[in-house]
Amino acid sequence: MAILISLPVHELSHGFTARLFGDYTAQNRGRLTLNPLKHLDPIGTIMLLTLGFGWAKPVPVNINNFSNPKIKMAIVSLMGPVSNILLALIGTAFYKIAVILNLAKIGGVFIIYLMTFFNYFVMINLLLAVFNLIPIPPLDGSRIIMAFLPSKYYNFVMKYEQVGLVVIMALLFFNVLDTPLHICMTFLFKLCDLLFSPIEIIQRFIA
């Protein structure tokens, strides 16, 4: 359920931002929706569930419709991970509220299930944000970095970005990314926890 919420929001954020910049490609192809069936990639979803990383079907974006292609493409790419971080913040707030209800013995086992759900919800969204910010094509991080490259290098990387997918798979296979991903996710998790630390005052009082 967490994946069915998180992945569509990530892709919708890309498409909606592109539309704001004048590109209606995603809208014309029916991708401006939260319907997970429109966004889920079968292999990417299975890998996310089994291996801890994965992807959705990329939202189509035509940079030729942008007035400043490189910069606006970078913003479009950034909004996917940003949406996941915002979802992680929302999930953290609801998790802490669920903890309060559990301490107050309200809701019984249903609250336990909610706590479990929001815990996974936060972790999955942080994983999606951090993983997609890796600066290797075709991940979002590469589009952000490429905004600062000269046009000739930008076009070269865009042309051979599929090679980057092989590189990513190799790095994941040899566990090269495990430590950096863990460090980044831990930092963001603690940051989310810190932002909602005032709620813990209520938790201590009830406890």
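What follows is a walk through the fold as a whole and then through two helix contacts in it.

The model is a predicted one, and its secondary structure consists of ten helices and zero strands, so that, by the helix and strand assignment used here, the order of elements from the N terminus reads α-α-α-α-α-α-α-α-α-α. The C-alpha trace extends over about 60 × 40 × 30 Å along its principal axes, and 43% of the 207 residues count as buried. Among the contacts between residues at least 6 apart in sequence, 72% connect residues that are at least 24 apart.

Two packed helices are described by the angle between their axes and the distance between the axes. Helix α9, which covers residues 178–195, can be followed through two such pairings, one with helix α5 and one with helix α4.

Helix α5, residues 109–132, has an axis that comes within 10 Å of that of α9 and crosses it at roughly 130 degrees. Since angles of 65 to 115 degrees count as roughly perpendicular and those over 145 as roughly antiparallel, this angle makes α5 oblique to α9, and the crossing is right-handed. On the α5 side the contact involves Val-122, Met-123, Leu-126, Leu-127, Val-130 and Phe-131, which meet Leu-181, Cys-184, Met-185, Leu-188, Phe-189 and Cys-192 of α9. By class, these residues divide into twelve nonpolar, no polar and no charged.

The axis of helix α4, residues 69–103, comes within 9 Å of the axis of α9, and the two cross at roughly 55 degrees. The angle is neither under 35 degrees nor in the range from 65 to 115, and α4 and α9 are therefore oblique to each other; their crossing is right-handed. Here Ala-88, Leu-89, Thr-92 and Lys-96 of α4 make the contact with Cys-192, Asp-193 and Leu-195 of α9, a set with four nonpolar, one polar and two charged residues. Cys-192 of α9 thus appears in the contact with α5 and also in the contact with α4.

The charged residues of the α4 contact lead to the salt bridge, for which the count comes to one. Lys-96 pairs with Asp-193, with the closest N and O atoms 2.7 Å apart, and because Lys-96 lies in helix α4 and Asp-193 in helix α9, the pair ties together parts that are 97 residues apart in sequence. As for their surroundings, Lys-96 has 4% relative accessibility and so counts as buried, whereas Asp-193, at 30% relative accessibility, counts as partly exposed.

Key: Residues numbered from 1 in each chain as written. Predicted model: local features only at pLDDT ≥ 70, side-chain atom pairs only at ≥ 80, totals over all residues. Heavy atoms only, no water. Axes fitted to C-alpha atoms, helices over the stretch in contact; angles between N-to-C directions. Helix = DSSP H or I, 4+ residues; strand = E, 2+ residues; numbered from the N terminus. Left-handed = near helix turned anticlockwise from the far one by under 90°. Contact = heavy atoms within 4.5 Å. Nonpolar A, V, L, I, M, F, W, Y, C, P; charged D, E, K, R; others polar. Salt bridge = Lys/Arg side-chain N within 4 Å of Asp/Glu carboxyl O. Buried < 20%, exposed > 50% of the residue type's maximum accessible area, 1.4 Å probe, protein only.
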